[in-house]
Amino acid sequence: MNKSILSTITRAALTDFQKAVYCATALIPKGETRTYAQIAAMIGRPRAARAVGNALNKNPFAPAVPCHRVIRSSGALGGFALGSATKKRLLKQEGAL
DNA sequence: CATTTTTACAAAT
DNA sequence: ATTTGTAAAAATG
């Protein structure tokens, strides 16, 4: 309903946490990868790896932030809005894999 | 504004 | 592989 849309727009303003996540993710050097835990630790929330993934998922700067460089500690690519296949391909292209 | 649900994680079992 | 713990946003009321 309209209420949901309004709620989304109201919260569309980036929070400090989101800003930190996008910044840290954008700082990842090309050809390297970071785990969600590393990003979380970088921004001061070492226990918020999950929240980091959440922020990247909503990532309003889709092409601005290299979310494809962020993977899980287990080595899994995690998820990707454009599909895990695309993410894997991008990492391979950069030489991260 | 408070409460509940969901989530692209991580560590332990 | 399954369970538990943690953190934040979106949805719901």
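Okay, C67. With a relative accessibility of 13%, C67 counts as buried, because the cut-off for buried is under 20%. Keep in mind that what we're looking at is a predicted model.

Now, C67 is a cysteine, so you may be wondering about bonds between sulfurs. A disulfide is a covalent bond between the sulfur atoms of two cysteines. How many disulfides does the structure hold? The count is 0. And why is C67 not in one? Its closest cysteine sulfur sits in C23, 14 Å away, and that's too far for a bond. To be called a disulfide here, the two sulfur atoms have to be within 2.5 Å. Look at it from the other end and you get the matching story: for C23, the closest cysteine sulfur is the one in C67, again at 14 Å and too far. As for cover, C23 is partly exposed, at 44% relative accessible area.

Let's zoom out to chain A for a moment. Chain A has 5 helices and 2 strands, and if you walk along the sequence you meet them in the order α-α-β-α-α-β-α. There are 97 residues in chain A, and 30% of them count as buried. About 6,500 Å² of chain A is exposed, with 55% of that coming from carbon and sulfur atoms. And here's one about how the chain folds back on itself: take the contacts between residues at least 6 apart in sequence, and 53% of those join residues at least 24 apart.

Let me pick out three residues to make that more concrete. First up is T25, in helix α2, which covers residues 16–26. Is T25 buried or exposed? Buried, with a relative accessibility of 0%. Setting aside the neighbours within four places in sequence, T25 is in contact with I39, L56, V65, P66, C67 and V70. So our buried cysteine turns up again, as one of the contacts of T25.

Next, H68, which you'll find in the loop between α4 and β2. H68 counts as buried too, at 13% relative accessibility. What does H68 touch, once you skip residues up to four places away in sequence? That would be F80, K87, L90, L91 and E94. With E94 there's something extra: the two side chains are joined by a polar contact of 3.1 Å. You can also check R89, which is 21 residues from H68 in sequence, while their C-alpha atoms are 9.3 Å apart in space.

The third one is F61, also in the loop between α4 and β2. F61 is partly exposed, with a relative accessible area of 36%. Leaving out neighbours within four places in sequence, F61 has contacts with L14 and Y22. Y22 is 39 residues away along the chain, yet the C-alpha atoms of F61 and Y22 are separated by 8.2 Å.

Right, on to the DNA. Around DNA strand B there are 13 residues, and the ones that come nearest are Y36, R50, N54, L56 and S73. You've already met L56, by the way, as one of the contacts of T25. By type, the residues of this surface split into 5 nonpolar, 6 polar and 2 charged.

Which helix gives the most to that surface? It's α4, with 5 residues. Both α3, residues 36–42, and α4, residues 49–58, supply at least two residues each.

And which part of the DNA is the protein next to? Of the strand B atoms within 4 Å of the protein, 51% belong to sugar or phosphate, and the rest belong to bases.

Let's finish on those bases, with three side chains you can find on the screen. In Y36, a side-chain N or O atom is 2.5 Å from a base nitrogen of DNA strand B. In N54, a polar side-chain atom lies 3.0 Å from a base oxygen of strand B. And in N57, a polar side-chain atom is 3.2 Å from a base nitrogen of strand B. Have a go at finding N54 and N57 yourselves: both are within the 49–58 range of α4. Okay, that's me done.

How values were computed:
Residues numbered from 1 in each chain as written. Chains lettered and ligands numbered in written order. Predicted model: local features only at pLDDT ≥ 70, side-chain atom pairs only at ≥ 80, totals over all residues. Heavy atoms only, no water. Buried < 20%, exposed > 50% of the residue type's maximum accessible area, 1.4 Å probe, protein only. Near = heavy atom within 4 Å. Polar contact = N/O pair within 3.5 Å; in protein donor to acceptor, adjacent residues only side chain to side chain. Helix = DSSP H or I, 4+ residues; strand = E, 2+ residues; numbered from the N terminus. Nonpolar A, V, L, I, M, F, W, Y, C, P; charged D, E, K, R; others polar. Contact = heavy atoms within 4.5 Å. Areas by Shrake-Rupley, 256 points an atom, 1.4 Å probe, with all protein chains shown as cover.
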